[in-house]
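Student: Got a minute to walk me through this one? I'd like the basics before I get back to the bench.

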Amino acid sequence: MAGLIDELMDTLEKENEEYQSLLKLAKEKTGTIIRNDIDALQKLVEQEQLVVDRIAPLDKKRVEYTKDIATVINRPVETLTITRLIELMDSQPAVKERLCIIHDKLHDTMTQMARINDMNQGLLKEALDLVNFDITLLNSMRQAPITANYDKTAANTEEHIIRRGAFDTRQ
């Protein structure tokens, strides 16, 4: 079982390293969103996908090791968390300490990621709200009221206040 726990801890440490990479990209994404740099944002999303692709097999290994450990100690796999595994390692202080360190690092990384992702989500929502406002404003400008312009026969010519495109300029 010691080998399984060592493999699990190695896998958890590798996962944390990858999540740290995601965290770094999420922090970069914040500045990119603020600068409204769509090209850079697209590149960051692509880089994030590459990291997620590296995390998936690690996650699969973690699940397999957890199942194997649960089988060896005759516990339901659903109840075997890192915290529970730490409690079970009272007789092995070195393993217990390493698991505690890994747990704390993963918890810290996930907490930071949740905070940054929430902030990025809020920034993106604000950016979308501004875009929607601009679209609504432009649409309302195109639907400007008809002016009271009359021709020689006193007939209304029904000209709109804005006759040219919103971005046209007179030279």
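Tutor: Sure, one term up front: buried means under 20% relative accessible area, exposed over 50%, and partly exposed in between, with a 1.4 Å probe and protein chains only. This is a predicted model, where local features need pLDDT of at least 70 and side-chain atom pairs count only at pLDDT 80 or more, while totals for chains, interfaces and linings use all residues. Residues are numbered from 1 along each chain as its sequence is written, and side-chain values use heavy atoms, with hydrogens and water left out.

Student: OK, so is M141 buried, exposed or partly exposed?
Tutor: M141 counts as partly exposed, because its relative accessibility is 31%. M141 sits in helix 4, residues 93-142. Helices here are DSSP runs of H or I with at least four residues, strands are runs of E with at least two, and both are numbered from the N terminus.

Student: Which nonpolar surface patch is M141 part of?
Tutor: F133, L137 and M141 make a patch of about 280 Å². Patch residues have over 30% relative accessible area and no salt bridge; like charges are joined within 9 Å, and nonpolar side chains (Val, Leu, Ile, Met, Phe, Trp, Tyr) within 5 Å. A salt bridge is a side-chain nitrogen of Lys or Arg within 4 Å of a carboxyl oxygen of Asp or Glu. The areas come from the Shrake-Rupley method with a 1.4 Å probe, and for residues only the protein chains shown count as cover.

Student: Zooming out, how many helices and strands are there?
Tutor: Four helices and zero strands. Of the chain's 171 residues, 24% count as buried.

Student: New topic: which residues are in the loop between helix 1 and helix 2?
Tutor: N36 is one of them. N36 has a positive phi of about 60° although it is not a glycine. Most residues other than glycine have a negative phi. N36 counts as exposed, because its relative accessibility is 56%.

Student: And what about the loop between helix 2 and helix 3?
Tutor: N74 is in that loop, ahead of helix 3 (82-88). Phi of N74 is near 55°, again a positive value in a residue other than glycine. N74 counts as exposed, since its relative accessibility is 70%.

Student: Thanks! How does the chain run from the N terminus on?
Tutor: The elements go α-α-α-α.
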